[in-house]
Each structure stands twice: as C-alpha cells, then as structure tokens.
Amino acid sequence: MKKIYVIFACTVASAAFSQTKTLEKVEPAFWWKGMKNPELQILVYGKNIADQEIELSDGVKISSIQKVENPNYVFITVNTNEINVPKFKISTRQGRKNTGSYTYELKERNPGSAARASFTSKDVMYLIMPDRFANGDEKNDSRPELTEKANRSLPNGRHGGDLRGIINNLDYLQNLGATAVWLTPVNEDNEKVYSYHGYAQTDLYKIDGRYGTNEDYRELSRELNKRNMKLVMDYVTNHWGISHWIIKDLPTKDWIHWFNDGKDGFKRSNYKITSQFDTNAADSDKRVALDGWFDTTMPDINQKNPLVLKYLTQNAIWWIEYAELGGFRVDTYPYNDKEAMAKWAKAITDEYPQFNIVGETWLNTAGHISAWQKDSKTGEAAKYNSNLPSVMDFMLYGNMPKALKENQGWDTGMMKIYDGLSSDFLYPDINNILVFFENHDTERWNEIFNADPKAYQLGLTLLSTVRGIPQLYYGTEVGMRGDKNKGGDADIRRDFPGGWKSDPQNAFNVSAQTPEQKEFYQFTRKMLNWRKSKEVIHTGKTKNYIPQDNVFVYFRYNGQESVMVVLNNNESEQKIDLARFAESLNGFSKGREIISGKEVSLQNSFTVPAKTPMVIELVK
C-alpha cells in the first residue's frame with residue numbers, strides 16, 4: 001500500500017503500461033450517439049500528458065479540460081449531440097511535435113436500447129460463481145499477462161471455470177426454469193491470490209482473460225436474450241483491487257479513502273452500516289464504517305469525488321449498452337457514499353427507465369433494508385431517496401433457517417417468517433425485492449439441513465411463491481453442500497460436478513444425475529417452470545394467516561387467480577381445517593396441487609404430510 005502513496009506523490013507513470021507513446025489509455029474506449037445525457041467525460045492517460053496540448057479533429061469541440069494533481073491524467077468533456085462524425089482523433093502535441101493520437105468512435109445504439117427489459121418479479125435469478133461452474137475453454141485457464149495461474153487443487157485458487165462453460169450449459173439453466181443469470185464479477189482481477197471471486201477488480205473495462213473476452217461476455221448476454229433470459233452484472237462501486245492501474249498511479253489522492261493514522265492509508269471498515277441512517281452516530285464511527293477498507297487489497301473508492309462518480313457512472317452505462325445487460329446487482333451498497341450513489345442510480349435509470357438495479361443491503365431489519373429502496377418512506381424520514389429500484393431481503397434470509405429448525409412458539413418456528421413478512425408495508429415496491437436463502441457469501445442451505453430434500457422443498461416453495469424475485473445459488477438444485485464454518489468461503493464455492501472434463505460424474509446431464517441429485521433437481525425444475533407463467537405469483541396480492549401448529553398458510557391472489565400455499569414444518573402430518581380460511585376460499589370448491597398434480601377438495605379439511613409444502617391452484 002505504501003507504493004500507492006509514493007507513486008501518487010512522485011507522479012511516476014505506472015509500470016503497467018508502455019512508455020513508448022503519450023496516449024497509453026483512453027476510457028471509455030468508445031461511446032454511443034443518442035444517449036439521453038450527451039455529456040461524455042473521456043479519461044486520457046499518458047506520461048506527463050497534462051503538459052501537452054490536446055486537440056480533437058473534425059471540428060469536434062472540447063467542452064472542458066480538467067487537469068489534476070497527477071500530470072499523467074487529463075479529463076476531456078465533450079457534448080456528443082454536437083458531434084456529427086462517427087469517428088474523430090484525440091491528438092497530443094508538444095510544440096510542433098505530434099506525440100500521440102487515438103481514434104475515438106461514436107457508435108450507433110441498438111434499436112430500443114433505452115427501453116430494454118430488465119429483471120422483475122417474473123424472473124428467477126440464478127447466481128453463478130464463474131470460476132467454479134464449468135470450464136468450457138481449457139486454453140484460458142492461465143494467462144501470461146495475469147499473475148495467478150490455474151490450480152484446481154487449491155481451494156482458494158483459480159479452478160478454470162469460464163464464460164464458455166456457462167454458454168455451453170445455457171440449455172441446462174433454461175430447462176431448470178431460471179430466467180436471469182447473475183454472475184459474480186468477471187472483470188479483470190489481477191491480484192496475486194484469491195482472485196477467483198473477482199471483487200478486487202483491476203480493470204473495469206475488461207473481462208478477465210481467464211474467463212474469456214469482452215466479446216465472449218456479450219455473446220453470453222445475447223445467447224441468454226435469445227432464450228428470453230437476462231444477464232445481470234455484479235457491479236462493484238465501493239472498492240477496487242490494489243493492483244488496478246488507476247490505483248497504482250492515482251489521479252488525485254482523494255480518488256480513494258486514505259487514513260493518515262492507518263498503515264499505508266489502510267484502516268479496516270467496522271462494517272456498522274446502520275450508521276448511515278443513525279442520526280446519533282459518532283462521526284468517527286460513521287467514517288470508519290463508510291470509508292474504511294474491506295481488506296488491505298481493496299482500497300475504498302471515494303464516490304464523493306465528481307471525477308470518480310462520473311467514471312463509475314459511465315462505466316456502468318458502457319457495460320449496459322455494450323453487453324446488452326438485463327440488470328445490475330451492486331455489491332456492498334450501503335458502504336458507499338449514499339448521496340453519490342443516489343446520483344449514480346438515477347443517472348442509470350434516467351438512461352434506461354426499465355433497468356433494474358438490486359443493491360446488496362446486508363442489514364437485519366425491514367426498517368433498515370427498506371430505507372434503501374427508491375421512494376421509501378423510511379428513507380424519506382431520514383431525508384433521503386436512494387433512487388435504487390430493488391434491495392435484497394436479508395431479513396427473510398436470516399429468518400428462514402431458524403424458522404425451519406425451531407418448534408413454533410410466540411416468536412419462533414414458522415411464526416418467525418410470518419412476523420418478518422408483517423413488515424412488508426415498509427417497502428415502497430414489495431414485489432421488487434430479491435428473496436433468497438443463500439448466496440456466495442453465506443452458509444449453504446443444504447449444509448444447514450444436511451442435504452435434507454424436505455427442508456429444501458419447504459425453502460424453495462417459500463421463495464418461489466412469496467412476493468419478490470427468487471434467487472437460487474448454483475448447485476443447490478442438485479443438493480450441493482459446503483461448510484463455511486469449517487472450510488471457509490472456498491467450501492461454499494465448490495466446483496459444480498460435471499463442469500470439468502475430468503469430473504467423474506456430470507450433474508448437468510439429467511440422465512447422469514444420482515438419485516439424490518435427481519430428487520432436488522426435479523422438484524426445482526417443476527416449481528420454477530410452473531412459476532414462469534403465474535402472474536398471480538409475480539404481482540398478486542398476499543393474504544397471510546398466522547401460523548398454527550408450525551404450519552404457515554398464505555394465499556397469492558388477483559382478479560383472475562388464487563393460489564393457496566401450505567408449509568407444514570412439523571415432523572408429523574397435519575390436518576388443515578378449511579373453515580379458518582373461508583375469506584380466501586370463498587367461491588372455490590377444489591384445487592390442483594401443482595407438485596403432486598392431484599386434485600384437492602376444499603370442502604372441509606385436508607391433510608398435509610410431515611415436512612411438506614403444498615401449492616394449490618384454486619378452481620371454482
């Protein structure tokens with residue numbers, strides 16, 4: 001970390017780039033005509049470039065040039081509405097000598113780009129850690145320009161999964177019932193170790209060569225779109241990798257958060273992000289929470305710096321436009337400067353009105369989580385509007401395993417789920433929240449429940465029928481386990497069986513699945529594919545009934561359909577007296593249970609087997 005300060009103070013050009021030409025880096029490398037916001041900020045990098053004259057060809061006007069403390073950077077602003085040529089040159093000159101040039105292109109946008117569809121409650125999101133899913137191109141397992149090489153024997157090493165492996169298995173995902181695919185970050189992460197997770201990015205405009213190319217990433221998105229599926233990018237605004245080329249030669253010292261009392265500027269976050277809305281929080285505690293680093297290899301980015309915020313905003317829009325994305329999931333959302341992030345989210349959704357962005361809001365109560373959703377009344381009470389369309393329901397995530405493991409009491413067992421859902425009124429858009437029982441940072445559900453298919457069926461049924469957007473983590477649908485407490489993050493990020501040619505068994509091939517894998521897979525496939533066409537589940541209203549005897553019953557309904565969901569969390573079968581649900585069963589005499597396919601009479605009562613869910617489509 002000391003190297004960062006020395007390089008900044010001495011303004012030495014980064015050793016990562018050639019010194020043979022003045023223009024070493026231009027970002028973004030190209031842009032598009034016809035954006036709603038015509039203002040484009042172009043970062044131009046090269047040794048002492050600020051000491052040279054910069055000219056644009058073809059009569060293109062420079063709106064402004066901003067120079068910073070580091071003479072290796074110049075930020076050029078142009079108005080794209082005023083540019084009438086598809087290409088122009090950025091040239092540098094020192095006296096009479098031409099020292100460099102770059103041909104800048106303004107591309108035509110795809111028809112309907114601004115109105116692109118994004119993920120909604122109609123979707124099921126499937127989360128993949130690409131390095132651990134499938135190796136489709138063994139030639140890119142290691143790259144000469146990237147430090148960490150493939151070593152599948154290392155739990156925390158690079159294993160070789162890539163974009164081609166995902167593309168090769170899209171039929172599997174489609175048949176499973178997934179309609180949106182969220183990948184953990186695939187931008188270049190050139191750290192020495194632990195680079196497989198991708199959250200210490202070192203180039204925001206480049207796909208990591210061990211995953212493939214920018215073109216491969218766009219191909220994945222297009223192949224998904226052909227299947228009426230969407231690609232969701234995991235976007236990281238809070239921190240970059242310490243080996244990022246900009247971090248190694250900072251434009252300004254305040255590009256990152258720097259602690260003078262920390263070792264080489266580093267101080268670890270206290271992770272108390274509740275301080276964002278705590279009107280009584282000590283400023284010192286709040287600063288460490290927001291500006292502290294996640295790790296020594298992840299400098300904390302300062303979104304308050306207007307140049308930084310513009311860089312992050314344009315980079316996000318560039319990926320949406322280039323890769324034809326269908327959404328963002330934003331990492332560690334509340335750790336960013338919240339006012340800057342409100343501007344960031346608004347700039348993106350102004351450009352793409354239907355574009356969905358879900359923030360990782362890892363908080364424990366609906367009051368805290370809901371404050372981060374756009375137009376939240378709890379946020380308004382704190383005089384804040386995030387402009388963030390969607391949030392992650394960490395309250396439900398925390399309650400689910402506890403509820404299924406407990407006997408019912410006043411606030412235990414299934415009552416825990418009911419009590420949590422009773423806070424739904426706090427959310428301004430309750431259907432647009434992400435619901436899940438695990439992800440790449442948490443204990444695996446099948447580990448918690450010892451790969452019990454009954455517990456999985458109860459959990460997946462709840463996620464599939466409750467309000468919101470269900471998210472499934474790769475491999476859970478075939479019973480994959482992983483013990484974070486004993487094996488760390490690597491154990492909850494195991495390789496998908498069959499993703500490598502040398503694997504003894506291939507779970508992507510349904511006919512080759514073990515009986516145990518099949519039980520998980522077939523239930524998942526039936527539930528998710530049923531959900532696809534059920535508008536009543538996507539946007540219907542909810543009627544909850546207070547759990548009795550550890551059985552939770554709720555209804556999803558609209559003007560056309562009604563679905564009764566019964567979750568029996570008991571070790572014994574339970575008789576359901578239907579008189580209690582008369583207000584929801586009025587006019588219905590029978591139903592079809594979608595898991596078994598059997599008809600259910602709704603006259604007096606029916607019996608639910610032990611540890612079993614029932615999803616009943618009501619019929620008049």
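The largest nonpolar core of this predicted model has 163 residues, and Tyr126, Tyr217, Phe328 and Trp344 touch the most other members. Helix H6, residues 306-323, gives the most to this core, with twelve residues. In soluble globular proteins, nonpolar side chains tend to be buried together. Phe328 shows what such a position looks like in detail. Leaving aside neighbours within four places in sequence, Phe328 is in contact with a list of residues that includes Phe119, Val232, Met233 and Tyr235. Ala316, Ile320, Trp344 and Ile348 are also among the contacts of Phe328, and so are Phe355, Asn356, Ile357 and Val358. A second core, separate from this one, has 18 residues, among them Ile576, Leu578, Phe588 and Phe606.

Strand E18, residues 469-473, is a short element to follow residue by residue. Five of its five residues are buried, so E18 is largely enclosed by the rest of the structure. Ile469, Gln471 and Tyr473 point one way from the strand, while Pro470 and Leu472 point the other way. Residues on both sides are buried. E18 pairs with strand E9 (residues 125-128) in the parallel sense, over three bridges. In that pairing, Leu127 stands opposite Tyr473 of E18. E18 also runs parallel to strand E17 (residues 433-435), and two bridges join them. Here Val435 has Pro470 of E18 as its bridge partner.

Aromatic rings come next. The model has 57 aromatic pairs. One of them is formed by Trp362 and Tyr397, with 6.3 Å from centre to centre and 85° between the planes, an edge-to-face arrangement. Trp362 lies in the loop between strand E15 (357-359) and helix H8 (366-370), and Tyr397 lies in helix H10 (residues 394-405), so the pair ties together parts that are 35 residues apart in sequence. Trp362 is partly exposed, with a relative accessible area of 34%, whereas Tyr397 counts as buried at 19%. The value for Tyr397 falls under the 20% limit for a buried residue. Another pair is Trp445 and Phe449: the ring centres are 4.6 Å apart and the planes stand at 40°, so this pair is tilted. Trp445 is buried, with a relative accessible area of 0%, and Phe449 counts as buried at 12%.

Rings can also have a charged side chain over them. Arg158 lies over the face of Tyr211, at 5.0 Å from the ring centre. Arg444 lies over the face of Tyr474, again at 5.0 Å from the ring centre.

Further along the chain is an open sheet of six strands with antiparallel pairing, in the order E19-E20-E21-E26-E23-E24. The edge strands are E19 (541-548) and E24 (599-601), each of which pairs on one side only. From one strand to the next, the twist averages 25°. Within the sheet, strand E23 (residues 590-593) and strand E26 (residues 612-619) run antiparallel and are joined by four bridges. Glu593 stands opposite Ile616 in E26. Which helix packs on the sheet? Helix H13, residues 453-465, does, touching strand E20 (551-557), strand E21 (562-568) and E26. The direction of H13 makes about 40° with that of E26.

Conventions:
Residues numbered from 1 in each chain as written. Predicted model: local features only at pLDDT ≥ 70, side-chain atom pairs only at ≥ 80, totals over all residues. Heavy atoms only, no water. Pairing = 2+ DSSP bridges. Axes fitted to C-alpha atoms, helices over the stretch in contact; angles between N-to-C directions. Contact = heavy atoms within 4.5 Å. Phe/Tyr/Trp six-rings, centres within 6.5 Å; stacked < 30°, edge-to-face > 60°. Buried < 20%, exposed > 50% of the residue type's maximum accessible area, 1.4 Å probe, protein only. Lys NZ or Arg CZ within 6 Å of the ring centre and 35° of its normal. Core = buried A, V, L, I, M, F, W, Y, C linked by side-chain atoms within 4.5 Å.
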